[in-house]
Amino acid sequence: MTANRAAAAAAPARGTAAGPPPGFEAAWAHPLLGRLLRDQSRRQRLDRRHPWLLDTAVMLFVVAVTLPGLLRGDGDTPFGLKDARDQLPPAVRFALVAALIVPLWWRRRAPAVTYFVIAAASLTQWSLGVWLPTGVAALIALYTLARNGSLRMLGWAVALAVGQLLLAIFVLVPIEHPVLGGFFMLGTTTAAVTLGLTLRIRRMYLEALQDRARRLEIEQEQRVRLTAAAERSRVAREMHDIVGHNLSVMVSVADGAATLATNRGETSADALRILADTGRQAMSELRRVLGVLREDQDEEGRLSPQPGIRDLDPLLARVRAAGLPVTYRTMGDLDALGSGVQLTLYRIVQEALTNTLKHAGPGSTADVTVTKDTGTVHVKVADTGAAAAGAASGDTGHGLVGIRQRAAMYGGTVTLGPSATGQGWLVDVVLDVPPGDHQP
């Protein structure tokens, strides 16, 4: 349900209740950025459906990096030296490679275990004097642990990685320039951890934004429900006054008729007394059930009569005095309508004009038309203000909710939104008024 003019104006303009931010739309429309975003979205959907594909692709990438050097067996290291891999049997070399690559299959399901297994395999190869390119698997595992794993385990993993690298460079596999090699290896380790933490923080930030959006949506729905409940309570208080007044008149007429029938000796006196007693009982029950709704009313509100059709002229005079020119036309015998229908019409016009005063802007005009037909009453309030003026205000008043609640009492239909010409705002309500709902 549209809770205010702002929401109703924004919905036709954008087509949805809530759209992406303007910056996102601009990035999506950019040729390069839009393509990257679409590709990322497709990859994420594919990964959610088939997570094993990415894990397999990572393993194949490490194999592709390792395989040339493993097949040549030339023993070249990243630092221009020869290691001892030529002295190892091929089965041992392939076993070391498998120990470094295979755990990557479980890197996202058990990131800490995966890294420590790979770290143990790395330490083993360095102890044998071998520096295989498969060591990139340790960086991938460390990145995954930083992105998805426990931060406490990440601290231990980083300390272990630094210790292993320093041990390998200075003790196990000495190189010609250990400081330069240490700087390079520690730099790549730091980059892997930093990249993982950055993506982790980004994911947490997006999740927080999504959670906030969900909570705001729930709060908005709750505000709409509370507003509708408040309006129903207000309508119930007003209808309580009307029904109570009508019952009071019925009881008074029945008492008078009973007294007159008694004086004349007519047999209808008992029936009239029963009618009066039943009316008094109904008034008592009505007061007991609905009287609690009066608790938030002041004394003046309790004593003042409910407005009707004849009170529209003073209302329009006050609106004109506030600076909004209003034209008013009626068709049909509106005075013959029941007090409840008259009150509903009055409140609809009042809420619509109040909304116009708040959002239409200076220089606007309004037109009010109330038409009574056979079985229906049609009220239309149209202004010439900016159709989306309320969209920028964010006002959350009760007006439009109240109009819908009142129209629902009479099975009416409500049309709220910009006019067909796009200039101004339209409130169009049709009430179903049965023939019995008229003044006696």
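# Reading strands, helices and contacts in a predicted model

Strands β4 (residues 413-418) and β5 pair in the antiparallel sense over six bridges. The model is predicted.

Q: What do β4 and β5 form, and how many residues lie between them?
A: β4 and β5 form a hairpin, with six residues between the two strands. In the turn, Gly 422 has a positive phi of about 85°. To find the register, start from one pair of partners: Thr 413 has Val 430 of β5 as its bridge partner.

Q: Which other strand is joined to β5, and by how many bridges?
A: Strand β3 (residues 376-383) is joined to β5 by seven bridges, and these two strands run antiparallel. Here the pair to start from is Thr 376 and its bridge partner in β5, Asp 432.

Q: Why is β5 described as largely enclosed?
A: A residue is called buried when its relative accessible area is under 20%. Strand β5 (residues 425-432) has eight residues, and six of them are buried, so the rest of the structure largely encloses this strand.

Q: How many Å should helix α13 span, and how far apart are its ends?
A: The check uses a rise of 1.5 Å a residue. Helix α13 (residues 339-359) has 21 residues and should therefore span 30 Å; the C-alpha atoms at its ends are 30 Å apart, in agreement.

Q: Is α13 mostly covered or mostly uncovered, and what follows the helix?
A: α13 is mostly covered, with 16 of its 21 residues buried. After the helix comes Gly 361, which has a positive phi near 90°.

Q: How is a pair of aromatic rings described?
A: Two values are given: the distance of the centres and the angle of the planes. This structure holds one aromatic pair. Tyr 115 and Phe 116 form that pair, with 5.7 Å centre to centre and 65° between the planes, and the arrangement is edge-to-face. The cut-off for that label is an angle over 60 degrees.

Q: Are Tyr 115 and Phe 116 buried or exposed?
A: Tyr 115 is buried, at a relative accessible area of 2%. Phe 116 is partly exposed, at 28%.

Q: How many salt bridges are there, and which residues of α9 meet in one?
A: The count is four salt bridges. In α9, the side chains of Asp 211 and Arg 214 meet in a salt bridge, at 3.8 Å from N to O.

Q: Why do residues three places apart in a helix point the same way?
A: An α-helix has 3.6 residues a turn, so residues three or four places apart point the same way. Asp 211 and Arg 214 are three residues apart in helix α9 (residues 178-264), and about one helical turn separates them. Both are partly exposed: Asp 211 has a relative accessibility of 32%, and Arg 214 has a relative accessible area of 48%.

Q: Which salt bridge involves Arg 310, and where do its partners sit?
A: The side chain of Arg 310 meets that of Asp 335 in a salt bridge of 3.2 Å, N to O. The pair links distant parts of the chain, 25 residues apart: Arg 310 is in the loop between α11 (299-303) and α12 (312-321), and Asp 335 is in the loop between β1 (326-331) and α13. Arg 310 is exposed at 63% relative accessible area, whereas Asp 335 is partly exposed at 36%.

Q: Which residue forms a salt bridge with Arg 329?
A: Asp 367 does, and the closest N and O atoms are 2.9 Å apart. This pair also links distant parts of the chain, with Arg 329 in strand β1 and Asp 367 in strand β2 (residues 366-373), 38 residues apart. Arg 329 is partly exposed, with a relative accessible area of 46%, while Asp 367 is buried, at 18%. Sharing of partners is a further thing to look for: salt bridges that do so join Asp 211, Arg 214 and Arg 215 into one network.

Q: Which residues form the nonpolar patch on the surface, and which helix gives the most to it?
A: The patch is formed by Leu 123, Leu 166, Leu 167, Phe 170 and Val 171, with about 410 Å² of accessible area together. Helix α8 (residues 151-172) gives the most, with four residues. Val 171 is found in α8, and Val 171 counts as exposed at 51% relative accessibility.

How values were computed
Residues are numbered from 1 along each chain as its sequence is written. This is a predicted model: local features need pLDDT of at least 70, side-chain atom pairs count only at pLDDT 80 or more; totals for chains, interfaces and linings use all residues. Side-chain values use heavy atoms; hydrogens and water are left out. The expected span of a helix is 1.5 Å times one less than its number of residues. Buried means under 20% relative accessible area, exposed over 50%, partly exposed in between (1.4 Å probe, protein chains only). Rings of Phe, Tyr and Trp (its six-membered ring) pair if their centres lie within 6.5 Å; planes under 30 degrees apart count as stacked, over 60 as edge-to-face and the rest as tilted. Two strands pair if DSSP finds at least two bridges between them. Patches are made of residues with over 30% relative accessible area and no salt bridge: like charges are joined within 9 Å, nonpolar side chains (Val, Leu, Ile, Met, Phe, Trp, Tyr) within 5 Å. Accessible areas come from the Shrake-Rupley method with a 1.4 Å probe; for residues, only the protein chains shown count as cover.
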